[in-house]
Amino acid sequence: MTFWNEELETMPVEELKEMQFRLLQNEIHTMYEKSEFFRGRMQSVGLTPDDITDMEQFRKIPCMRKSDLRDNYPDGLFVRPYDELVRIHVSSGTTGRPTVVGYTQTDIDNWSESLARGLTSFGVGKKDVFQNMHGYGLFTGGLGVHYAGEKVGATVIPTGVGNTDRQIQLMQDLPVTCLAGTPSYMFHIADVCDQKGVDIRKQTKVTKALAGGEPWSESMRKKLYDRTGIKAYGCYGASEFYGPMFLECDAQCGMHVWADLTLIEILDKDGNPVPDGESGEVVVTMLQKEAFPLIRYKIGDISTLTWEKCRCGRTHPRLGRITGRADDMIVVRGINVFPSQIESVIGEMPFLSPFYHITLTNENYMDKMVVDVEVLPECLPDDVNAINEMSAKVQARLKEILNLKAVVKMNLPGTLERFEGKAKHVTDNRSWD
C-alpha cells in the first residue's frame, strides 16, 4: 500500500482526534478575532472561544447555511484582504447569487495536499498520464485536480469539459491511464466510443478514473467497469471547502476525510449527532482555511461517517456515498423522494442505461411523476410487449422503494439528453395557481 504521508494518514485515532480538536480550537479563536460574521454568531448564543472545551459546547454554535453565503455576496465572509489572496473561484450560482471563494497560498497548498493523498491512495503517481475532463476556469474541479495530479508526479492533460471526439482521440493516441470527470460524462464517452467503434479496453491504456461533481451509485460504477474496464473512484467536495477534496482509496469503502483539514459532523433532522455509521446531514468545519472560513456549514448532503480503520490502513474518518440532499428533496404527494433513490432502481435493471430524467406535473392539484429511462442498445427488443414488461418491472420496483406510483417511459438508446458537466435530472412543472 502506497501513502503520500504515511505517518499522518495512519496516526492512531485518539491522537488524530486530539490533534483535530486542537486545530478546531485554534480556528475558532482566529475566526472570532477576524470574522465579524462568526463573532456575531457566537455572541448570539453567549459563547466565547474559551467556552469551546468539548464537542458538546462546539455544537452550540449556530450552523452556517448557503443563504449566509448568498447574503454576504460577494466577499463579506472573507477574512483576508485581497493583497493576501492568490486566487478567486466562483460557484455556478444555480440558485440565487453565486458563491465567491478566496484562497491564500496556504489554502491552495492544503487543497493540493488533500487531493494528493487521495490520488496516491488509489495508485495515481509518476507512471500515470492523467486526462482531466473537469471544467477549468471559475469551476474548482479542473484546477484543483490538475494541481494535485502534478503534485503526485503524473503527466496531466488539461482537456477540460467537452469536445468528446478530441477526448477519445487523445485517449487513443497518448498513453492515458487515468481520467477525471463527472460519471455521466464518462458514460457519454463510452457511448461515443461505441458509435465510433472504439474499444476502450483494447485501444486505450485507461484503467482508472476519478469520478465526481454529481451523485452516482454503486451500480453505475459496476456498469461503467463492465462496459469499459475502467475502475472509477468517488470524490467529494464543494467550492465552499476548497473544491473537490476527499477521495476513495483502492479499497473503495468510503471517501477519506483528512481530519487535520476538516471536521465533519453528521446530524439528524433535529440537529443532534447520529451514531457512527448512521445517515444524516453533513455539516463541515474547515480547520486550516485562511481566506474564507467555514464553521459548522450545513452543505445539505445526506451521508454517513465512520471512524473505523480502513482496510487500506488509513485511520482518518470515511464519508459514505452521498445518498441525497436535504435541499433538493422532492416532495410528491406528501412523500419525500430523492433522485438518488430512483437512480439506484435504474442501476438494478440490467437492460437500462444510467441516463434518466424526472418530470413533475400536477393536474387538478394531484402530483404526477414521470420517469424517463433509456434502454441499452443490446437489450432493445423488437416486441412491444417486452418493452411494456420492462416498463412494468421498473415501475413496480419504484413503487416498492418510494411507496409512490411513478409513470415510467421507455426511451430508445441515445435519446435522453447528455451533459458534459453536472447532469440535470429533475424538471418540476407543477403549478398551484
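Is phenylalanine 78 buried or exposed? In this predicted model, phenylalanine 78 has a relative accessibility of 11%, so it counts as buried, the cut-off for that label being under 20%.

That residue is a good place to start a walk through the aromatic side chains. Searching the whole structure turns up seven aromatic pairs. One of them joins phenylalanine 78 to tyrosine 82, with 5.9 Å from centre to centre and 50° between the planes, which makes the pair tilted. Its two members sit in unlike surroundings: phenylalanine 78 is buried, whereas tyrosine 82, at 49% relative accessibility, counts as partly exposed. Tyrosine 82 falls short of the exposed label because that label needs a value over 50%. Phe292 joins in as well, and Phe78, Tyr82 and Phe292 together form one aromatic cluster.

Now turn to phenylalanine 187 and phenylalanine 355. Their ring centres are 6.4 Å apart and their planes meet at 80°, so this pair is edge-to-face. Here it helps to look at where each ring comes from. Phenylalanine 187 belongs to helix H9 (residues 183-196), while phenylalanine 355 belongs to strand E18 (residues 352-363), so the pair ties together parts that are 168 residues apart in sequence. Both phenylalanine 187 and phenylalanine 355 are buried.

Rings also meet charges in this model. The charged end of arginine 296 is placed over the ring of phenylalanine 58, at 5.6 Å from the ring's centre. In another spot, arginine 321 lies over the face of tryptophan 216, and here the distance to the ring centre is 4.9 Å.

What about the cysteines? Take cysteine 312, whose closest cysteine sulfur is that of cysteine 310, 3.5 Å away. A disulfide needs the two sulfur atoms within 2.5 Å, so the sulfur of cysteine 310 is too far from that of cysteine 312 for a bond. For the structure as a whole, the count comes to zero disulfides. Cysteine 312 is nevertheless buried, with 5% relative accessibility. Cysteine 63 also counts as buried, at 12%.

Let us finish with a residue inside a helix. Serine 112 has its place in helix H6 (residues 105-121). With a relative accessibility of 7%, serine 112 counts as buried. Which residues does serine 112 touch, not counting those up to four places away in sequence? They are Tyr147, Ala148 and Lys151.

Key. Residues numbered from 1 in each chain as written. Predicted model: local features only at pLDDT ≥ 70, side-chain atom pairs only at ≥ 80, totals over all residues. Heavy atoms only, no water. Buried < 20%, exposed > 50% of the residue type's maximum accessible area, 1.4 Å probe, protein only. Phe/Tyr/Trp six-rings, centres within 6.5 Å; stacked < 30°, edge-to-face > 60°. Helix = DSSP H or I, 4+ residues; strand = E, 2+ residues; numbered from the N terminus. Lys NZ or Arg CZ within 6 Å of the ring centre and 35° of its normal. Contact = heavy atoms within 4.5 Å.
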